[in-house]
Amino acid sequence: MRSYRLAPSLGAAVLLALAATPALAADDGADRSFTIEDPRITESSGLAASRAHPGIYWTHNDSDDGPYVFAVDSRTGKTVARITMKGVGSPRDVEAISLGPDGNLYVGDIGDNLNGSWDHVWIYRFPEPKVLKDATVRATQFDVKYADGPRNAEALMVHPKTGRVYIASKNEDGGGLYEGPAKLTAGADNVFRRVGEVPWVTDGAFSPDGKELVLRSYFSARGYAFADGRLGKDYPVESPLLPQSESVTFTADGSALMYGSEGERSDVVRVDVERKGDGGGSGAGHRGDGKGTGGAEDGGGGVPVKGTTLTGVAVLAGIGLLFALGRRRRKG
């Protein structure tokens with residue numbers, strides 16, 4: 001998805017505006033913040049942490065690329081393998097990637113830039129390679145339809161315990177969480193049914209224990225308790241403000257969230273997870289006093305976090321004011 005990319009000058013101003021914020025936590029080894037160095041990856045639109053190869057993150061380009069998935073080493077930012085999927089036709093708008101408990105990577109060709117005009121989309125599945133090297137693999141293609149009609153989506157999440165696939169639709173007025181069948185079937189329609197209401201979503205990820213679901217948008221992220229296939233209480237989650245916030249995944253050990261962005265040499269930023277003391281879930285974000293589900297922006301008991309929608313709007317408004325003042329000074 002390209003329509004919300006920040007202009008270079010605006011992106012630089014945002015980075016300057018964020019320079020005064022505290023640095024995010026990072027490790028000295030794998031799973032730290034990194035920059036994607038591969039010049040072939042210009043529209044990283046999804047992230048999935050490898051379980052077979054510590055410190056490796058799977059990603060892919062958006063539309064107009066091909067059937068490719070890249071393995072990127074977080075220690076160096078360099079690509080260590082490019083996987084070419086065969087047997088899947090020509091990908092149309094690849095938006096998400098997730099790793100299932102079966103050891104398979106699931107690639108979501110689920111975007112619809114015409115906002116819900118395609119009567120079906122696709123999911124591609126192939127085993128995570130045991131050896132990291134360039135290779136061609138045969139992938140299984142699954143046809144996907146929504147029970148309530150076509151829609152645009154950019155988030156696909158495989159539950160780490162049940163293996164069930166979920167898709168979150170993208171709509172600025174609010175989207176839906178869609179649950180797939182217990183098992184995907186090749187050669188037939190896999191009907192996804194709406195099971196919850198969600199905000200504007202560009203990607204999502206389950207915690208490794210499957211008890212939490214984090215959904216992100218361009219300026220914010222929220223976490224949800226997740227049990228029996230349904231959303232529970234929601235709470236604000238810390239997220240960085242990036243030029244085009246398109247992806248999120250938990251680290252394999254669940255200790256942090258990794259946030260990605262589109263663009264050449266795009267950054268993947270680590271944000272440590274705040275652990276809860278009640279033994280439930282991984283505690284993906286600030287929960288305040290536990291009485292409310294909202295953050296400071298909606299009057300709840302949550303702690304203000306970086307990268308909320310309110311923060312993003314405030315930063316952009318400030319940048320607009322600076323530009324306006326600059327023009328006045330030039331005219332004077």
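Q: Which side chain does Lys 170 meet in a salt bridge?

A: Good place to begin! Keep in mind that this is a predicted model. To read a salt bridge, look for a side-chain nitrogen of Lys or Arg within 4 Å of a carboxyl oxygen of Asp or Glu. Here the side chain of Lys 170 pairs with that of Glu 154, at 2.9 Å from N to O. The two belong to distant parts of the chain, 16 residues apart: Lys 170 sits in the loop between β12 (165–169) and β13 (175–179), and Glu 154 in strand β11 (residues 153–158).

Q: Are Lys 170 and Glu 154 buried or exposed?

A: For this, check the relative accessible area: under 20% is read as buried and over 50% as exposed, with partly exposed in between. Both Lys 170 and Glu 154 are buried.

Q: Which residue forms a salt bridge with Arg 230?

A: That partner is Glu 179, with the closest N and O atoms 3.2 Å apart. Arg 230 is in strand β18 (residues 230–237) and Glu 179 is in strand β13, so this salt bridge ties together parts 51 residues apart in sequence. The two ends read differently on accessibility: Glu 179 has a relative accessible area of 14% and is therefore buried, whereas Arg 230, at 38%, counts as partly exposed.

Q: What about Lys 145: where is its salt-bridge partner in the chain?

A: Lys 145 forms its salt bridge with Asp 189, and the closest N and O atoms are 3.7 Å apart. Lys 145 lies in strand β10 (residues 140–146) and Asp 189 in strand β14 (residues 189–198), 44 residues apart, so to speak of distant parts of the chain is fair. Lys 145 is partly exposed because its relative accessible area is 29%, and Asp 189, at 45%, is also partly exposed.

Q: How many salt bridges does a search of the whole structure find?

A: The search finds twelve. When you read such a set, check for shared partners too: salt bridges of that kind join Asp 148, Arg 151, Arg 194 and Glu 197 into one network.

Q: Now for cavities. Which residues line the largest cavity?

A: Think of a cavity as a space where a probe fits but cannot get out. The whole structure has one cavity of 30 Å³ or more, and the volume of the largest cavity is about 30 Å³. Its lining is made by Asp 62, Ser 63, Asp 64, Asp 65 and Gly 66, together with Pro 91, Arg 92, Asp 93 and Val 94.

Q: What is the lining of the largest cavity by class?

A: Sorted by class, five lining residues are charged, two are polar and two are nonpolar.

Note on methods. Residues numbered from 1 in each chain as written. Predicted model: local features only at pLDDT ≥ 70, side-chain atom pairs only at ≥ 80, totals over all residues. Heavy atoms only, no water. 1 Å grid on protein atoms, 1.4 Å probe; cavity = no way out; pocket = protein on both sides within 12 Å on 5 of 7 lines; lining within 4 Å. Points joined across faces, edges and corners; volume = space filled by probe spheres on them. Nonpolar A, V, L, I, M, F, W, Y, C, P; charged D, E, K, R; others polar. Helix = DSSP H or I, 4+ residues; strand = E, 2+ residues; numbered from the N terminus. Buried < 20%, exposed > 50% of the residue type's maximum accessible area, 1.4 Å probe, protein only.
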